[in-house]
Amino acid sequence: MKTILGTGELGSLSNVYKASLVAMMAGSDFIKTSTGKEGVNATFPVALVMVRAIRDFYWKTGYKVGFKPAGGIRSAKDAVAWLSLMKEELGDDWLRPELFRLGASTLLGDIERQVYHHVTGRYAAHHDLPMA
């Protein structure tokens, strides 16, 4: 079960932590910051609180809960920053898709452009790539 917390509406980081723990105690396999369509989406301070709640829950129960930040992740550089956060706070286990997912269609287009540039040595025109 995936729980979307709508963190932009929770008012404080303390409430984000509490909501994260409640969701995990209720049986969530994954917790997600938001739908990605709210005014406030995935931010690093909120993510850090949620990820540390996941770590605390894991230390207390031995149960691994996944994490999905949503909204505002638009570039490959953004994705690398999120991957770094997960690795530093939770370790390599949370770098697998069973425990960490990025939901961002715009990100796919940027990754496609980066791969194109790496392979060809030039940047693609908009019409060169179907997803971009």
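In this predicted model, ring pairs join Phe 44, Phe 67 and Trp 82 into a cluster, and a search of the whole structure finds three aromatic pairs. A pair of aromatic rings is described by the distance of the centres and the angle of the planes. For Phe 44 and Trp 82 the ring centres lie 4.6 Å apart with the planes at 20°, and because planes under 30 degrees apart count as stacked, this pair is a stacked one. Phe 44 belongs to helix α2 (residues 44-61) and Trp 82 to helix α3 (residues 76-90), so the pair ties together parts that are 38 residues apart in sequence. The two partners can also be described by their accessibility: Phe 44, at 38% relative accessibility, counts as partly exposed, whereas Trp 82, with a relative accessible area of 3%, is buried.

Another aromatic pair is formed by Tyr 58 and Trp 94, whose rings meet edge-to-face, at 5.5 Å centre to centre and with 80° between the planes. Tyr 58 lies in helix α2, while Trp 94 is found in the loop between α3 and α4 (105-120), so this pair ties together parts that are 36 residues apart in sequence. Tyr 58 is partly exposed, with a relative accessible area of 28%, and Trp 94 is buried, with a relative accessible area of 3%. The ring of Trp 94 has a further neighbour in Lys 64, whose charged end sits over that ring at 5.6 Å from its centre.

Helix α3, which contributes Trp 82 to the stacked pair, can now be followed along its length. The helix has 15 residues and reaches 21 Å from its first C-alpha to its last, which is close to the 21 Å expected at 1.5 Å a residue. Its buried residues are Ala 79, Trp 82, Leu 85, Met 86, Glu 89 and Leu 90. Seen down the axis of α3, these buried residues fall within an arc of 120°, so they line one face of the helix. An α-helix has 3.6 residues a turn, so residues three or four places apart point the same way. On the face of α3 turned away from the buried side are the exposed residues Lys 77 and Glu 88. Just after α3, Gly 91 takes a positive phi of about 95°, and the loop between α3 and α4 also holds Trp 94, the partner of Tyr 58.

Conventions: Residues are numbered from 1 along each chain as its sequence is written. This is a predicted model: local features need pLDDT of at least 70, side-chain atom pairs count only at pLDDT 80 or more; totals for chains, interfaces and linings use all residues. Side-chain values use heavy atoms; hydrogens and water are left out. Rings of Phe, Tyr and Trp (its six-membered ring) pair if their centres lie within 6.5 Å; planes under 30 degrees apart count as stacked, over 60 as edge-to-face and the rest as tilted. Helices (H or I, at least four residues) and strands (E, at least two) are DSSP runs, numbered from the N terminus. Buried means under 20% relative accessible area, exposed over 50%, partly exposed in between (1.4 Å probe, protein chains only). A charge sits over a ring if NZ of Lys or CZ of Arg is within 6 Å of the ring centre and within 35 degrees of the ring normal. The expected span of a helix is 1.5 Å times one less than its number of residues. The arc is that of the directions from the helix axis to the C-beta atoms.
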